[in-house]
Amino acid sequence: MANLDGELQNRQALVSHSESPPFPFVDFPEDVQLCILSFLSSSDISAFSATSKRFNSLCQNDGKLWFYLCDRLWGHKTQIRKWGNGKSSFKSLYRLLIKWENLIGFWRRSHERRLVFFEWGPSFITGSLIFPSKIGGYQIVKTPFLWMGLSAEGEPLNYLNSDKRCDFAEVEGELGLVEADLVQVRVNIIGRNHFVVEDKLGFESSEMGSRKSKENLGTVGEIMGVDTLSPGSPPDVLTSVIYQYFANPTSPGAERGSRRQRKKERGRNGRRKFEIEHYLKIVNSLPTSSRPLQGLWKGICDDLNLDFYLVEYEDIGGVVCRKMGISSGPPYGYSPVFWTSNPIFIESPFSKEEEDLYEKRIHILPQPADETSGFSPVQENVVSRVLYINSSYDLVIPDLTSSPSPQQVDGRIWQYEDGTFGYGFLRDNFIVDLKHVASEEHLLDAVEQLCKGPRI
């Protein structure tokens, strides 16, 4: 009986313990509260700040909560205390970087093969043009062309290195470079996969002209080449003139106004006006466990030059590989290297025929092994699995005039244990090995190529 009473008491204690109220958030130490709040979005923090005066004060604390937010998200990638020369608020930095962090990675200019890579700097983000090295090896040449930072007032600062003369490492500290070497630009992010770079001075001049046209109707008439438009003209007359101007931009008056406006802009800027540029994100630029061949790769072509390769998994099935280098021939999307309709690997162990097919081939290397050719015997790569290439004749080798045999269009992809792979067609005896271009948001084997700009 005593044992039964003891068991009942234990059960009652457990029930009362489980039903005890949870530890209230207000009783947590402040550093714990800040750590928890740092996992919320800005809208959630705004809503939470309305719950009490104490929490409102905590949520408005720039040096605590907003520092926690920035440090948790980006502290391991950039030096957040240095952004804006250390004078800008962390709340401004958070609002900026929450929009900019998606820029990190690979992009390309629209309708071009030119590749751009964005990476974190100590107190800015840098966009660099990247090119395959022409001096042999797997090195990549990068030329910084776009600097994106923050002013002390919390406003975004973007500078374009249009003539490639400036070192962006010197941009910190409100430039320290001759202004003519850099073009101040606006970076407009459109969704997650598209952004536009435009001349900020030209944009502001356009906005200013628009504002002045609303304030002074005579200015509108001057710009449009209309002399009869007076400040007292009715609104419908102004609307009609503006409509005619934009509907017929080739009219004599519009042309005179356009030339006059361009002349004024050239006089103000003292330089050539920068053309708007569009950039598109290269999505899925890194391999995954389910798509191991996916991504941007680099390899030595059969002409012994380094080039970039983009491998994509199609929505309808299959894998396609294209060259992405500037000197790779037709524009982006029209030069496939190989294509296969069935991305199913053959796992090891392999048959004797498959092993012989790989072991008897030679690898294309950047440096001549015997100083007479760019080929080498089989590497120390360990093949983990094999994929068949069943590319169509028209897609891969359209230059052949005779009807191809299966061996001319069929091939293999050999994936190695380190995650890289090589490919080769049965029609030849070579293997092109492809290596990673970037890892963990950093370019591999990158060499920076630029000249120092003159100081003020």
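Hi everyone. Let me begin with a definition: a residue counts as exposed when its relative accessible area is over 50%, buried when that area is under 20%, and partly exposed in between. With that in hand, take K352: its relative accessibility is 52%, so K352 counts as exposed. One caution before I go on, which is that what you have in front of you is a predicted model.

Let's stay with K352 for a moment. Its side chain forms a salt bridge with the side chain of D356, at 2.8 Å from N to O. Both residues belong to helix 11, which covers residues 352–359, and because they are 4 residues apart there, about one helical turn separates them.

That was one pair. How many salt bridges does a search of the whole structure find? The count comes to 12. I'll pick out two more for you.

Next up are E30 and K64, whose side chains meet in a salt bridge with an N to O distance of 2.7 Å. Here the partners come from distant parts of the chain: E30 sits in helix 2 (residues 30–37) and K64 in helix 5 (residues 62–74), with their positions 34 residues apart. What about accessibility? E30 has 37% relative accessibility, so E30 is classed as partly exposed. K64 has 34%, so K64 is classed as partly exposed too.

While we're at helix 5, have a look at R72, which is also found there. Its relative accessibility is 33%, which means R72 counts as partly exposed. Leaving out residues up to four places away in sequence, R72 touches S38 and F39. You can also check R72 against C35: the two are 37 residues apart along the chain, and their C-alpha atoms are separated by 8.8 Å.

My last pair is K142 and E448. Their side chains meet in a salt bridge at 3.8 Å, again N to O. This one also links distant parts of the chain, with K142 in strand 4 (residues 140–150) and E448 in strand 22 (residues 446–448), 306 residues apart. Is K142 buried or exposed? Its relative accessibility is 12%, and because the cut-off for buried is under 20%, K142 counts as buried. E448, on the other hand, has 44% relative accessibility and so counts as partly exposed.

And there is a third member to add to this pair: E119, K142 and E448 are linked in a network of salt bridges.

That's my tour. Thanks for listening, and do ask away!

Terms used:
Residues numbered from 1 in each chain as written. Predicted model: local features only at pLDDT ≥ 70, side-chain atom pairs only at ≥ 80, totals over all residues. Heavy atoms only, no water. Salt bridge = Lys/Arg side-chain N within 4 Å of Asp/Glu carboxyl O. Helix = DSSP H or I, 4+ residues; strand = E, 2+ residues; numbered from the N terminus. Buried < 20%, exposed > 50% of the residue type's maximum accessible area, 1.4 Å probe, protein only. Contact = heavy atoms within 4.5 Å.
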